[in-house]
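Please take a moment with the sequence and the model that follow, and then read on for a guided walk through the fold.

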Amino acid sequence: MSRAERRALVEREVPALPVSRQCRLLSVSRASVYRRPTEISAEDCTIMTLLDRQYLTRPYYGSRRMAAWLATQGHVVNRKRVQRLMRLAGLVAIYQRPNTSKPAIAHKIYPYLLGGISIERVNQVWCADVTYIPMARGFLYLVVIMDWVSRAVLAWRLSNTLGAEFCVEALEEALWLHGRPEIFNTDQGSQFTSDDFTGTLERHKVTISMDGKGRYMDNIFVERLWRSLKYEEVYLNAYGSVAEAKAGIGSWLDFYNEERQHQSLGYRTPREVYGAECRWICGRSASPTGCAFARIPTGTTANHRTDVDEEKDRSDVMVVAPGAIGAGTEIGRATP
């Protein structure tokens with residue numbers, strides 16, 4: 001249980017136990033319970049949206065250039081404010097840093113394994129990334145799990161906190177529905193270097209690969225997905241609630257998987273490529289990716305949820321191929 005979830009358990013109105021005693025039992029700070037977090041102003045939300053758009057076009061802009069660019073857009077803000085808002089949105093300028101091979105404290109960094117290898121079949125390489133989703137008031141974070149060859153989005157989650165929990169839940173859903181890849185590639189974000197995320201991959205015997213610092217091109221397919229998603233869906237709709245964001249993003253990802261043709265895929269959709277490739281692998285080879293038909297138990301699945309996800313009954317999902325996107329598989333649904 002996360003710290004935020006433990007704080008939510010504290011009873012403030014006529015509690016049976018004093019609040020201080022509840023905090024000790026739940027191992028949370030009293031200051032975090034008594035202090036109400038300051039809401040983000042409408043102006044800050046507007047600036048964060050502008051920063052996000054500019055970052056998609058100029059990912060090498062740091063806080064100084066962003067502050068200068070904002071002034072040309074009619075928002076005169078100092079560099080410290082830009083740094084704070086970029087940090088809040090999870091935006092980091094792309095540039096060469098010193099000591100790039102030095103691992104983060106307490107987090108193991110894995111080498112990049114995709115250089116010089118031929119990636120030509122589905123479930124050979126999966127990748128993942130997290131992006132910032134602006135709303136009319138506030139913001140969310142989105143994570144997707146993508147197959148490298150087909151570009152198919154295998155699972156996704158929305159969260160209002162930038163922790164590792166919602167990334168792990170998306171990963172577990174993708175593994176449960178589609179088997180396992182041979183290699184899983186991510187950047188060096190704290191969500192992906194956490195023990196929970198890497199431990200899940202190691203338990204499923206998946207080889208872990210990580211981009212070098214500042215090398216956004218190593219995960220270019222997910223970066224391209226973000227650009228399409230934001231310009232074709234997110235920026236056109238000022239989501240007023242989490243439910244609207246889930247519905248809009250889910251609808252667009254369904255369109256992306258099932259209808260959006262890709263020139264690099266011979267004008268086929270990601271679902272067509274992923275499904276066709278997996279059927280061939282399952283029928284013609286003993287692939288280590290686990291592409292065998294399996295029985296999925298009826299009823300609600302394991303009780304995983306993020307801060308913004310709601311429980312959803314999946315009793316209609318009976319039999320799927322873990323390595324294929326079948327008719328009963330709900331691709332891109334933010335399921336628990």
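In the hairpin of strand 1 and strand 2, which residue takes a positive phi? In this predicted model, the residue is Gly138, with a phi near 105°, and the hairpin has 4 residues between its two strands. Strand 1, residues 125–134, and strand 2 pair in the antiparallel sense over 9 bridges, and within this pairing Cys127 has Met146 of strand 2 as its bridge partner.

Following the chain onward from strand 2 leads to another hairpin, this time with strand 3, where 5 residues lie between the strands and Arg151 takes a positive phi near 65°. Strand 2 and strand 3, the latter spanning residues 153–159, run antiparallel and are joined by 6 bridges. Two positions help to locate this pairing on the model: Val143 has Arg157 in strand 3 as its bridge partner, while Val144 stands opposite Trp156 in strand 3.

These hairpins belong to a wider arrangement, an open sheet that 5 strands form in the order 3-2-1-4-5, with mixed pairing. Its edge strands are strand 3 and strand 5 (207–210), each of which pairs on one side only. On average, neighbouring strands of this sheet are turned by 20° against each other, direction ignored.

Strand 2 deserves a closer look, because 9 of the 9 residues in this strand, 139–147, are buried, and it is therefore largely enclosed by the rest of the structure. Both of its faces are covered: Phe139, Tyr141, Val143, Ile145 and Asp147 are buried on one side, and Leu140, Leu142, Val144 and Met146 are buried on the other. Part of the surroundings is helix 7 (residues 165–178), which lies across strand 1, strand 2, strand 3 and strand 4 (183–186), running at about 155° to strand 3.

The interior can be read in a similar way. In soluble globular proteins, nonpolar side chains tend to be buried together. Here the largest nonpolar core has 44 residues, of which Leu51, Val82, Trp126, Ile145, Phe184 and Phe197 touch the most other members. Helix 7 gives the largest share of this core, 7 residues. A second, separate core has 27 residues, including Leu142, Val144, Trp226 and Leu229. Strand 2 thus offers a useful place to compare the two: Ile145 is on one of its sides, while Leu142 and Val144 are on the other.

Finally, Phe197 can be followed on its own, for it touches Cys167, Val168, Leu171, Phe184, Thr186, Gln191 and Phe192, not counting residues up to four places away in sequence.

Technical notes
Residues numbered from 1 in each chain as written. Predicted model: local features only at pLDDT ≥ 70, side-chain atom pairs only at ≥ 80, totals over all residues. Heavy atoms only, no water. Buried < 20%, exposed > 50% of the residue type's maximum accessible area, 1.4 Å probe, protein only. Pairing = 2+ DSSP bridges. Axes fitted to C-alpha atoms, helices over the stretch in contact; angles between N-to-C directions. Contact = heavy atoms within 4.5 Å. Core = buried A, V, L, I, M, F, W, Y, C linked by side-chain atoms within 4.5 Å.
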